[in-house]
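Colleague: Please pick one part of this model and take me through it closely, along with whatever packs around it. I'd like the cut-offs as you go.

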Amino acid sequence: MTSSELLHTSHATQTVIPSYDVPPPEAPADDATDSNLIRRLKRHKNGEVSVQETSSRNMQLCQYFKAGCCNFGDECWYSHDESLSSSDYKIMLCSEYARHGTCATVACRNAHGRSELHTPHHFDRPGYKSNLCTLFLLDDLHCDKAFQDCFDAHGPLDLRPDLPTLPPDLKGEHFSYSDSHVHLDAVLLARRYGSLWMHKRVLCKHDPCWSNSCVFAHGESDMRPRLPLDTCDMESLAAELRTHSDGAFGGCVHICCEAATIEETIKLVEWGKAVLNGRVFAAFGIHPVHYDDYTPEVEQRLEAALKTCGSYAVAWGECGLDYHHRTRISENGDVQVDPHICAGMHDVFIKQIHAAVRHRLPLVVHSRDAEEDVVQVLSDHLPRGHAVILHSYQGPIAAIMRFFDIFPNGYVGFTGVVTYWYAYHNQFRDLLRAIPISRILLETDGPWMSPEPHTGANAHAGHIPWIAHAVGKAKGYRTRDVLEATHSNFCRVFRIDYGHEVEQKCNFDRLTDSECV
């Protein structure tokens, strides 16, 4: 998939404590903001929204209440919760400390270092300062926002990492987990350089480009060199995965789907051997958005990389059809799929199907706004018994059931999108209930589509338990059992050793409510 642009919207101003010689601040009138708060509180009461979303009131402690002279009572816009400590004011990094390493202000109300930083819930913007600001970090770019106004962090001191957590029913449980589809290079680049690491380092595929602020390069002359990675970046991710002390990381499949990243993928596999116990595997192919990069020379490079990686090269892909990107705007303003582009995509997709069959590798398929066409092309060109995975599936139930009828070794991957409240209740709940657990794989598609409650962070394998939790909620299974079942599927389809002993044996192919709840 392609990367999305982060919103760099101002989220806070510096905390101001009112003087006692002026009247207390008045609560806002019943305007749109307060009405939105009331609606959110009602939704929370009905179980329709998370706790984080309900709180948009100012959570600063009311200084008049602290002094015993606030006459607003429950209507006060400031908090009367005395459990809020002085550290709760430290929602911004002290600029003096950030510049000079010291601050002469007595009882400074801003943070001196990351350990003091506090992010109040009332910001209601997940991911606040959890990613580095690319525009600030890189010498050839510039962020026009002050650090207190930028949504992303201006350097490590301003960073508030969103460490992975576990669903409630998984705490204290031993479990295994795996990520069947992740762009590991993009995950590491985003962690080191910020979420706009691709700024002018990837060619824009829109012709003509419709964006006035496109982060992608327009022509070779606009391209900047690709940013470097090293083993320290992999070690940093491995340390974060170890926060799941009761979880056994069963592996991830890194998707190499651009010609420019083939050699880098070979390095990632080698680093995985040294840092992640050899549990980093790779799939090689060309994404449909980059279909016009698929040449005989590129195919030879992909095949050479398969040989170099040996048993760590476990699939071909991702390849397929994408009618969402690579579109053109017609003269009357309609967005249309160019027939020439469509024909080119189909031709390259068929060539890659043949490559997967030739190398006897599972086929990883990308489909966006093209589910029916994808199933038809697979039906026409892929042998019935070949292993095939529809990654990040978001299409109709009928199409996936037809796919399963045709391909007995067909699987479907689900991402963090299944955890989003609206998507879960309006699309994925019925879809998940209809699909047997023996056909499901869990994936992050990292660094994109991070699951609740980590939306806004860069997705990686440590977030897989939350995706399993959403699947379990739909199907009536425990999170642990979903993780074990999907890891078993992961090992079966990619022909990978399980990696450790399963403590509780269960026939996951015939999982029922009575066995797992």
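Modeller: Accessible areas here come from the Shrake-Rupley method with a 1.4 Å probe, and for residues only the protein chains shown count as cover. On that basis the chain exposes about 23800 Å², with carbon and sulfur atoms supplying 51% of it. Bear in mind that this is a predicted model: local features need pLDDT of at least 70, side-chain atom pairs count only at pLDDT 80 or more, and totals for chains, interfaces and linings use all residues. Residues are numbered from 1 along each chain as its sequence is written, and side-chain values use heavy atoms, with hydrogens and water left out.

First, the setting. The chain has 16 helices and ten strands (DSSP runs numbered from the N terminus: H or I of at least four residues, E of at least two). Of its 517 residues, 53% are buried (under 20% relative accessible area; exposed is over 50%, partly exposed in between). Take the contacts between residues at least 6 apart in sequence: 71% of them join residues at least 24 apart (contact is heavy atoms within 4.5 Å).

My pick is helix α7, which covers residues 231-241. Just at its start, a side-chain oxygen of Asp230 comes to within 2.9 Å of the backbone nitrogen of Cys232. Further along, the buried residues are Asp233, Met234, Leu237, Ala238, Glu240 and Leu241. Looking down the axis of α7, these fall within an arc of 160 degrees, so they line one face of the helix (the arc is taken over directions from the axis to the C-beta atoms). Two strands, β1 (175-182) and β2 (247-256), are among what covers them, and so are two helices, α6 (184-193) and α8 (262-275).

Now for the empty space around α7. A search of the whole structure turns up three cavities of 30 Å³ or more (on a 1 Å grid over the protein atoms alone, a cavity is a set of points where a 1.4 Å probe fits but cannot get out; a pocket is an open set with protein on both sides within 12 Å along at least five of seven lines; lining residues have an atom within 4 Å of a point). The largest cavity holds about 60 Å³ (volume is the space filled by probe spheres set on the points, which are joined across faces, edges and corners). Both Leu237 and Leu241 are in its lining, along with others including Asp179, Val182, Phe249, Cys252 and His460. At least two lining residues come from each of β1, α7 and β2.

α7 also borders the second largest pocket, whose volume is about 420 Å³. Of the 20 residues lining that pocket, Ser130, Leu159, Pro161, Arg191 and Glu240 are the closest to its centre. The elements giving two or more residues to the lining are α6 and α7, and α7 gives the most, with four residues.

One last stop, in a strand that covers α7. Ser180 sits in β1 and is buried at 5% relative accessible area. Leaving out neighbours within four places in sequence, Ser180 touches Val253, Leu441, Leu442, Glu443, Phe490 and Phe494. Val253 belongs to the stretch numbered as β2, and residues 440-442 make up β10.

Technical notes: Buried means under 20% relative accessible area, exposed over 50%, partly exposed in between (1.4 Å probe, protein chains only). A polar contact is a pair of N or O atoms within 3.5 Å; within protein, one must be able to donate a hydrogen and the other to accept it, and residues adjacent in sequence count only if both atoms are side-chain atoms.
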